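Open the model in your viewer and keep the selection tool at hand. The stops below say what to pick and what is there.

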Amino acid sequence: VTGVQTCALPICWNLVDDARLLLAYHFMLNALRAGTIVAVVAGAIGYFMVLRRQSFVGHTLAIVGFPGAAAATYLGIATPIGYFGCCVAGALVIAALPGSGRATAGIGGYGGESAVIGTVQGFALACGFLFVSLYRGFLSGMNSLLFGSIVGVNDGQVAALLVAGLVCLAV
């Protein structure tokens, strides 16, 4: 007995070796890179969204990407174009909301704005399901359109995510 314990399983209690094993796969390295970029951007942007009482806007914009991806799939174009296009359009619609009347509307003065944001969210989900139902090709599942797959990120998507994240942080 040499004192070195080996493990018969692919993953054991040696966390350093486990991390090395996981990061030996390129898709896991890309997942770590993408997750890190998203965590940094979401942490910075989320702080200001909470201060401005716009957490519901962030949730709505995450959902607004679904009809963009579904429409892009239906039209035969790249889904990131649909995601970004629909999210930008949704943000512009929400930004165009009138700022007056907040002091008297609802709890905290944001009732009217929340109602419109909820309407945008419901409309976006309905449009997403409409485009999915119109699409006649093979669709592996709506979960991938709604949530994506962190382990399916390639090098180009990590680079695009980094650029988009830096632009968001700069703005």
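Select Ile81, Phe84, Leu92 and Ala95 in helix H4. These four are exposed, on the other side of H4 from its buried residues; exposed means over 50% relative accessible area, buried under 20%, and partly exposed in between (1.4 Å probe, protein chains only). Now add the buried residues of H4, Gly82, Gly90 and Ile94. They cover an arc of only 85° around the axis, so they sit on the same side of H4. The arc is taken from the directions that run from the helix axis to the C-beta atoms.

A word on the source: this is a predicted model, in which local features need pLDDT of at least 70 and side-chain atom pairs count only at pLDDT 80 or more, while totals for chains, interfaces and linings use all residues. Residues are numbered from 1 along each chain as its sequence is written, and side-chain values use heavy atoms, with hydrogens and water left out.

Stay on H4 and select residues 79-95. How far apart are the end C-alpha atoms of H4? They are 24 Å apart, which agrees with the 24 Å that 17 residues should span at 1.5 Å a residue. The expected span is 1.5 Å times one less than the number of residues in the helix.

Zoom out and colour by secondary structure. The chain has seven helices and zero strands. Along the sequence the pattern reads α-α-α-α-α-α-α. Helices (H or I, at least four residues) and strands (E, at least two) are DSSP runs, numbered from the N terminus.

Switch on the surface. The chain exposes about 11500 Å², and carbon and sulfur atoms supply 71% of that area. The areas come from the Shrake-Rupley method with a 1.4 Å probe; for residues, only the protein chains shown count as cover. Of the 171 residues, 22% count as buried.

Next, pick Arg20 and Asp17. Their side chains meet in a salt bridge, 3.3 Å from N to O. The rule asks for a side-chain nitrogen of Lys or Arg within 4 Å of a carboxyl oxygen of Asp or Glu. By that rule the count is one. Arg20 and Asp17 are three residues apart in helix H1 (residues 15-23), which means about one helical turn separates them. An α-helix has 3.6 residues a turn, so residues three or four places apart point the same way. Arg20 is exposed at 57% relative accessibility. Asp17 is partly exposed, at 37%.

Go to the cysteines. How many disulfides are there? The count is zero, where a disulfide needs a pair of cysteine sulfur atoms within 2.5 Å. From the sulfur of Cys87, the closest cysteine sulfur is in Cys86, at 6.9 Å, too far for a bond. Cys127 is in no disulfide either; its nearest cysteine sulfur, that of Cys86, is 7.7 Å away. Cys87 is partly exposed, with a relative accessible area of 24%.

Select Phe66 in helix H3 (residues 55-75). Is Phe66 buried or exposed? Phe66 is buried, with a relative accessible area of 1%. Add Phe131: the pair is 65 residues apart in sequence and 9.8 Å apart in space, C-alpha to C-alpha.

Last stop: Gln121, in helix H5 (residues 111-134). Gln121 counts as buried at 13% relative accessibility. Leaving out residues up to four places away in sequence, Gln121 touches Phe56, His59, Thr60 and Ile63. Contact means heavy atoms within 4.5 Å. Across the chain, residues 24 or more positions apart account for 64% of the contacts with a separation of 6 or more.
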